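Good morning, everyone, and thank you for making room for this on the agenda. I would like to walk through one model with you, going from single residues to whole chains and then to the place where the chains meet.

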Amino acid sequence: MVGPKSREQLVGLLTIAPALFLILALTLYPVAYSIWLSLLEKHSFFPQERFIGLENFFYLWKDEEFWTSLWLGTVYSIWTILFQIILGVAAALILNESFVGRGLVRAITLFPYMVPTIVAVILWKWLLNDTYGVVNYWMLALGIVRDPISWLGTDHIMLSVIVMSIWQFFPFVLLTILARLQTIPPELYEAAKVDGASAVRRFIHVTLPQIRGILFVVILLRSIWMFTKFDTVWLMGEGAGAGRFIRTLPVYAYMRTLTYYQAGLGAALAVIMFAILIVCTAIYFRMFREEADIG
Amino acid sequence: MNRSRNRWFSTRGLLYGGAVLLVLQAAFPFFWMISTSFKPPSEVFAQPPSFIPEDPTWDNFHRLFTATGFLTYFWNSVIVSGLSVLLTMIVSAAGAYSLTRYRYIGREKIAGLILCTYMFAPIMVVIPFFILVKKIGIENTHFALVLAFTSFCLPFTLWLMRAFFATIPMELEEAALVDGAGRVRALLYVVLPLALPGIIATSIFTFILAWNDYIFTRILITSDELKTLPVGVQDLFHSSLIDWGLIMAAGMMITIPALLFFLSVQRYLIRGWGAGGVKG
């Protein structure tokens, strides 16, 4: 006997089952497996494996390259997140005003976020090319520098990948903040205007409290994504010779696994990355408890 | 009077100045890509550079289509992205319907769990995923890629679809059921049409993710004839003298489909974003 109640339960569970199965089998299981993997010494392609406990983590503790990659990853994340948020919010405020051609400006501004990373990377490598790049051409023509700058060389590659990443990802902040700005009732601004509040004061007292919740979520998401960003950094560094100077934690994890074939060490790096994220997220939620509630 | 007019002009001026800057920073790199892709090799390296090609040519595109595997990569990208969109939409529509229309034990727990997996970045998943795929024996297949993209998109698409389904009043469905329609017909004729913006937002998100992906394809695909565009184009770099004209032509050909897809459904995207994409 199947009653209507249990039948409903059954159909409900059956319709969620495919999604649940895919997520469990293809996302959660791999993540759990990589924790196990971090305790093994294992070649990336061959089946032999040997349990070595925390050996991989001890190795990394003494590994200078690991600390460098952690430092480079932190530098990269902090600068890119900071400027994405500032530029994204500023751009959203501009595009929330009404002016001629606003729709077109909105669409064009989102382009960089929509194109494949490989396209963004080849565009920037071409713009920044030391001999034929248009950036160096302009800087020389305007007399800003005397000699062409080697943008993808050891001294400037970090700056280049940071600027390029801000360009590529700030439209996400823009889009999200803009969606929220559109839901703020115009009466709030009118009331503030009647009270004689300046544009800056209107931003601080009307806009900011309204976007605080969403800003909390955006900063969280962007931080997670920038700290684990692989393709942009890897593709910018590849073939540039100076790739070593932007070898962030995700890139280092990839190299351990697919250049040195040390899957166990690679997994240990992924686990460390994940642990750092969890700790930072927990601290973040504590620091901004109020925003977390409205977000 | 005069003072307030001046102030109006200065804020308007700032606004338009900002808008112009936004357009320039986004559009110039693309303009430069288009310009370079139509230049013959001698002009690509000319100093000072010409902004509009003086001697425009299709030569770069011709070489791209005939001398490289571009068309194969393009076709692979279309197949993989298309199938990923299809599978993601079916699975997440069914899941979202379940999460909003049925009551069962652990429903909220499941929803929470799904949301949590949104935190996992590709770099943390892809290596164990690769080993798993090897164990099942589907490495180096498009099937593995489609599975990877689908499972990777699911947390977000389910969340988004759930937000859309939740806004559709139950009464509409109940009315259809009273009129004698079955549950499936009520779903097909009442719920799905109303959830269309959500379905479209989901499909754009999945398409762009699959079309743009680099890391999964790099690791899961080894044979040249199965590569998708981003990996295929990266490999064009592997020659001693980089052929910028050819690479810019390739860049343009990858960008156009993604852009067309995005522009045709853009207004739904912004709506979807506001409706629950990030809020929640």
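**Starting from single residues**

Let me begin with A:Arg212, which is partly exposed, because 15 other C-beta atoms lie within 10 Å, a count between the 12 or fewer of an exposed residue and the 20 or more of a buried one. I should say at once that this is a predicted model, and that everything I describe is computed from it. A:Arg212 is found in helix H9 of chain A, which covers residues 199-227, and although 78 residues of sequence separate A:Arg212 from A:Glu290, their C-alpha atoms are 9.5 Å apart in space.

The next residue is A:Phe169, which sits in helix H7 of chain A. Is A:Phe169 buried or exposed? It counts as buried, because it has 24 C-beta neighbours inside 10 Å. If we set aside the neighbours within four places in sequence, A:Phe169 is in contact with A:Gln84 and A:Tyr113. With A:Thr281, by comparison, the separation is 112 residues in sequence and 21 Å in space, C-alpha to C-alpha.

A:Phe169 is also where H7(A) has a kink, of about 35°, and the proline A:Pro171 follows shortly after. The helix as a whole runs over residues 157-181, which makes 25 residues, and from its first C-alpha to its last it reaches 36 Å, close to the 36 Å expected at 1.5 Å a residue. H7(A) is mostly covered, with 22 of its 25 residues buried.

Now to the backbone, where three places deserve a look. Which residue of chain A has a positive phi although it is not a glycine? That is A:Tyr261, with a phi of about 60°, and its place is the loop between helix H11 (249-258) and helix H12 (263-287) of chain A. A:Tyr261 counts as partly exposed, since 14 C-beta neighbours lie inside 10 Å.

In chain B, B:Asn140 likewise is a residue other than glycine with a positive phi, near 60°, and it lies in the loop between helix H6 (122-136) and helix H7 (142-166) of that chain. With 15 C-beta neighbours inside 10 Å, B:Asn140 counts as partly exposed. The third place is the peptide bond from B:Gln47 to B:Pro48, which is cis, with omega near -5°; B:Pro48 lies in the loop between helix H2 (41-44) and helix H3 (59-67) of chain B.

**The two chains**

Stepping back to chain A, we find 13 helices and 2 strands. Its radius of gyration is 24 Å, well over the 19 Å that the globule rule gives for 295 residues, so chain A is more spread out than a compact globule. Along the principal axes, its C-alpha trace spans about 80 × 70 × 35 Å. Of the 295 residues, 39% count as buried, and among the contacts in chain A with a separation of 6 or more, 67% are between residues 24 or more positions apart.

Chain B has 14 helices and 0 strands. Its C-alpha atoms fill a box of roughly 75 × 75 × 35 Å along the principal axes, and its radius of gyration is 24 Å, where a compact globule of 280 residues would have one near 19 Å. In this chain 42% of the 280 residues count as buried, and residues 24 or more positions apart account for 78% of the contacts with a separation of 6 or more.

**The interface, and how far to trust it**

Where the chains meet, 71 residues of chain A are in contact with 74 residues of chain B. Helix H1 of chain A, residues 4-37, supplies the largest share of the chain A side, 20 residues. By kind, the residues on that side divide into 54 nonpolar, 14 polar and 3 charged.

As for confidence, the model scores ipTM 0.86 and pTM 0.88. Chain B has a mean pLDDT of 84, and 90% of its residues reach 70 or more. A stretch to treat with care is residues 274-280 of chain B, over which pLDDT stays under 50, and for which the model has 17 contacts beyond four places in sequence. Where pLDDT is low, the predicted coordinates should not be read in detail.

Terms used
Residues numbered from 1 in each chain as written. Chains lettered and ligands numbered in written order. Predicted model: local features only at pLDDT ≥ 70, side-chain atom pairs only at ≥ 80, totals over all residues. Helix = DSSP H or I, 4+ residues; strand = E, 2+ residues; numbered from the N terminus. Expected span 1.5 Å × (residues − 1). Bend = angle between axes of the 7 residues up to and from the residue. Rg over C-alpha atoms; globule rule 2.2 N^0.38 Å. Contact = placed C-beta atoms within 7 Å. pLDDT = per-residue confidence, 0-100. Nonpolar A, V, L, I, M, F, W, Y, C, P; charged D, E, K, R; others polar.
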